[in-house]
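Student: I've just opened this one and I'm a bit lost. Could you walk me through it?

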Amino acid sequence: MRSPFTPYVADDARYSKLDYVRTGRSGLKLPRISLGLWNNFGTDRALETQRDIVLRAFDRGVTHFDLANNYGPPYGSAEEQFGRIVAANLRPYRDELVISSKAGYDMRPGPYGDGGSRKYLLSSLDASLDRMGLDYVDVFYSHRPDPETPIDETMGALATAVRQGKALYAGISNYSAEQTVAAADALAAEGVPLLIHQPRYNMFDRKPENDLFDTLLDRGVGSIVFSPLAGGLLTDRYLSGSAPAGSRMAEGRWFTEDALSETYLERVRGLNGIAEARGQSLAQLALTWVLRQPAVTSALIGASSVAQLDDSLDALNGTSLTDDELTAIDPLAVDGTGR
């Protein structure tokens, strides 16, 4: 574990360790794998462990760190923890980092702490910047569409953040294809392009394949997919058919052992066999699979340890999937598995 008092110097070879690809039609390049600070970066976990994960990621070439106002627990604590790491270790490298945050889901009580209103989004961004100790974020997202707020208002708030210099780019998350078109048009009317979409996508959640990916390619919008490992269901953690201590499932976070059905186990064990034949872990196969999509700019992973981070990043060392492998994967990668 790295001492917080030891001066941090980034690995000189970090930019030779993974590929960077252009985000849609923009000039911004993102690493093929980015680090999300959703579940493992609240004040319920040791700051030293979080620091080790973040700095290891940067040393391996990960430049993009993704947050949201309510990440934790408790809400806001992931941004606070990340801000401490930036202040202590990454401040000299700020211009080399792509830092994103979001607002749209529940953050605080009352009518101005949820949804897509201009009031909520812009006040939330100011609070996020304060928590992280930053002057700006690189990407500010509308975390979800709000059916009670006109999309012009929500996108207008993102455009204001860009014009104020508090965000360099505008993004959306969890929007349908139709909503994405409306958001892109509303932003264009403000003179601000839609940079990126953040949808959920993995072998067991394939809905973006229906029409969203085609829409993103048509509009020149990048995408960074979250939950590429299906919250851990696409790792070797549950291959035995039970939930190990300390896992999200054992803690009752996001899913329970009911997800470990015979159908799930049959499919995940079949996928694990394909991974082993390729010399990969199941997690690495799952990441290779999502990154095969032309519309996917980057895959957003979480990590609870440096070892877990390294295993995910090592997916980029594998070969592309062959047509035969994709054919073998397809009947096992079934939307809705594990739910």
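Below, a student asks and a tutor answers, one feature at a time.

Student: Before we start, what kind of model is this?
Tutor: Keep this in mind for everything we discuss. What you have on screen is a predicted model.

Student: Okay, which strands make up the closed barrel?
Tutor: There are eight strands in it, and their pairing is parallel. From one strand to the next, the twist averages 30°. Going round, the barrel runs S3-S4-S5-S6-S7-S8-S9-S10.

Student: Let's zoom in on S10. Which residue in S10 does Val225 stand opposite?
Tutor: Start with the strands: S9 and S10 pair in the parallel sense, over three bridges. S9 covers residues 222–226, and S10 covers 298–301. The residue in S10 opposite Val225 is Ala299.

Student: And Thr297, is that buried or exposed?
Tutor: Thr297 sits in the loop between helix H8 and strand S10. Its contacts farther off in sequence include Val21, Arg22, Leu30, Pro31, Gly222 and Ser223. The cut-off for buried is under 20% relative accessible area. Thr297 has 5%, so it counts as buried.

Student: Now helix H6. Which residues of H6 are buried, and why do they line one face?
Tutor: H6 spans residues 212–219. Looking down its axis, the buried residues fall within an arc of 160°, so they line one face of the helix. Those buried residues are Leu212, Phe213, Thr215 and Leu216.

Student: What do the buried residues of H6 pack against?
Tutor: Flip to the face turned away from the buried side and you'll find the exposed residues Asp214 and Asp218. The buried residues, on the other hand, have one helix and two strands as packing partners. Those are helix H5, strand S8 and strand S9.

Student: Which residue with a positive phi follows H6?
Tutor: Look just past the end of the helix. The phi there is near 70°, and the residue is Gly220.

Student: How many salt bridges are there?
Tutor: To count, a side-chain nitrogen of Lys or Arg has to be within 4 Å of a carboxyl oxygen of Asp or Glu. One network of them links Arg56, Arg60, Asp310 and Asp314. By this rule, the salt bridges come to 19.

Student: Asp66 and Lys102 meet in one of those. How far apart in sequence are the parts this pair ties together?
Tutor: Their side chains meet at 2.6 Å, N to O. Asp66 lies in strand S4 and Lys102 in strand S5, so the pair ties together parts that are 36 residues apart in sequence.

Student: What is the relative accessibility of Lys102?
Tutor: Take its partner first: Asp66 is buried, with a relative accessible area of 1%. Lys102 counts as buried too, and its value is 0%.

Student: Last topic: Glu209. With which residue, 83 residues apart, does Glu209 meet in a salt bridge?
Tutor: Glu209 has a salt bridge with Arg206 at 3.1 Å, N to O. Glu209 also meets another side chain at 3.4 Å, N to O. That pair links distant parts of the chain, with Glu209 in the loop between S8 and H6 and its partner in the loop between H8 and S10. The partner 83 residues apart is Arg292.

Student: And of Arg206, Glu209 and Arg292, which is buried?
Tutor: Glu209 is partly exposed at 26%, and Arg292 is partly exposed at 29%. With 15% relative accessibility, the buried one is Arg206.

Key
Residues numbered from 1 in each chain as written. Predicted model: local features only at pLDDT ≥ 70, side-chain atom pairs only at ≥ 80, totals over all residues. Heavy atoms only, no water. Buried < 20%, exposed > 50% of the residue type's maximum accessible area, 1.4 Å probe, protein only. Helix = DSSP H or I, 4+ residues; strand = E, 2+ residues; numbered from the N terminus. Arc of directions from axis to C-beta. Contact = heavy atoms within 4.5 Å. Pairing = 2+ DSSP bridges. Axes fitted to C-alpha atoms, helices over the stretch in contact; angles between N-to-C directions. Lists of a residue's contacts leave out its neighbours within four places in sequence.
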